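Me: I have a chain open in my viewer and would like to go through the labels attached to it. Could you take me through the reasoning behind them?

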Amino acid sequence: MAVLGSGLVVAYTLAQGGGSLHPADLLVFGAVAAAAVGYAEGGRLARSLGGPETICWALVLAAPVLLPVLLWHGIPDLGGVGTASWLGFAYVTAVSMFIGFFFWYRGLALGGVARVGQVQLLQPFMSLLGAALLLGETLSLANCAFALAVAAVVFAGRRMAVRQQ
């Protein structure tokens, strides 16, 4: 089911991208692969460490790699950034990307990476729905059809038996 759901998301992406891959798509695939490894290892570690400890250690271990990249590219001039933007950034940083991972890794540890990770397949479609509701974006029939197909696959995958190792 995970392969079928991933295939649907890739098919949707190709259909929306004009039917062909673009150089930037390779970067996205690389990011997805890196995230998959991180989620799988994080879910496994959360069984013994716990969710908060897992994300905190991930951030500590990533800092020596990310700091030189930040310094190499330089810190941009942020003088024109308004208060609302900073508050939004603070919320996303603290709540969505830090505290949210406490619960995400706990869920991966409890339910298993293969089963719980399938929920991520719904993320592109939830983003489309949010854009429609909050920003007035138009949803097409293809958007809705693919979203329903992926949701059906995720639902079916959740109902299937999975062996814990």
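**Reasoning from the values**

Me: What makes the span of helix α2 agree with its number of residues?

Reply: Helix α2 covers residues 23–49, which is 27 residues, and at 1.5 Å a residue the expected span is 39 Å. The C-alpha atoms at its ends are 38 Å apart, so the two values agree. Please keep in mind that this is a predicted model.

Me: How do you know how confident the predictor is in the protein chain?

Reply: The pLDDT averages 84 over the protein chain, and 97% of the residues score at least 70. Confidence is lowest in α5, with a mean of 77, and highest in α3, at 89. As a general caution, predicted coordinates should not be read in detail where pLDDT is low.

Me: What does the secondary structure of the protein chain come to?

Reply: There are 7 helices and 0 strands, and the pattern along the sequence reads α-α-α-α-α-α-α. The C-alpha atoms fill a box of roughly 45 × 45 × 30 Å along the principal axes.

Me: Why is Gly 43 called buried?

Reply: The cut-off for buried is under 20% relative accessible area. Gly 43 has 0% relative accessibility, so Gly 43 counts as buried. Gly 43 lies in helix α2, where Asp 25, Gly 42 and Ala 46 are buried as well.

Me: What covers the buried residues of α2?

Reply: The cover includes α3 (51–73), α4 (83–111) and α5 (113–116). For Gly 43 itself, leaving aside neighbours within four places in sequence, the contacts are Tyr 105, Leu 108, Ala 109 and Val 113. Gly 100 is 57 residues from Gly 43 along the chain, and their C-alpha atoms are separated by 14 Å.

Me: Is Tyr 12 buried or exposed?

Reply: Tyr 12 has a relative accessible area of 9%, and since buried means under 20%, Tyr 12 is buried. Its place is in helix α1 (residues 2–16). Beyond the neighbours within four places in sequence, Tyr 12 is in contact with Phe 125, Leu 128, Ala 142, Asn 143 and Phe 146. The C-alpha atoms of Tyr 12 and Arg 106 are separated by 30 Å, with their positions 94 residues apart along the chain.

Me: How many of the residues in the protein chain are buried, as a percentage?

Reply: Buried residues make up 18% of the 165 residues. The protein chain exposes about 11500 Å², and carbon and sulfur atoms supply 73% of that area. Among contacts between residues at least 6 apart in sequence, 79% join residues at least 24 apart.

Me: What makes the pairing of Glu 41 and Arg 44 a salt bridge?

Reply: A side-chain nitrogen of Arg has to be within 4 Å of a carboxyl oxygen of Glu. The side chains of Glu 41 and Arg 44 meet at 2.7 Å, N to O, and the count by this rule comes to 1 salt bridge.

Me: How do you know that Glu 41 and Arg 44 are about one helical turn apart?

Reply: They are 3 residues apart in helix α2, which means a separation of about one helical turn. In general, an α-helix has 3.6 residues a turn, so residues three or four places apart point the same way. Glu 41 is partly exposed, with a relative accessible area of 36%.

Me: Why is Ile 99 called partly exposed?

Reply: Partly exposed lies between the cut-offs of 20% and 50%. Ile 99 has a relative accessible area of 37%, so Ile 99 is partly exposed. Met 97 is partly exposed too, at 46%. Ile 99 is found in helix α4, and so is Met 97.

Me: Which residues form the nonpolar patch on the surface?

Reply: Tyr 91, Val 92, Val 95, Met 97, Ile 99 and Phe 103 form the patch, with about 590 Å² of accessible area together. A residue needs over 30% relative accessible area to join a patch, and the 37% of Ile 99 is enough for that cut-off.

Me: Where is Ser 140?

Reply: Ser 140 is in the loop between α6 (123–135) and α7 (141–159). Its relative accessible area is 30%, which makes Ser 140 partly exposed.

Definitions and conventions. Residues numbered from 1 in each chain as written. Predicted model: local features only at pLDDT ≥ 70, side-chain atom pairs only at ≥ 80, totals over all residues. Heavy atoms only, no water. Helix = DSSP H or I, 4+ residues; strand = E, 2+ residues; numbered from the N terminus. Expected span 1.5 Å × (residues − 1). Buried < 20%, exposed > 50% of the residue type's maximum accessible area, 1.4 Å probe, protein only. Contact = heavy atoms within 4.5 Å. Patch = residues over 30% accessible without salt bridge, like charges linked within 9 Å, V, L, I, M, F, W, Y side chains within 5 Å. Areas by Shrake-Rupley, 256 points an atom, 1.4 Å probe, with all protein chains shown as cover. pLDDT = per-residue confidence, 0-100.
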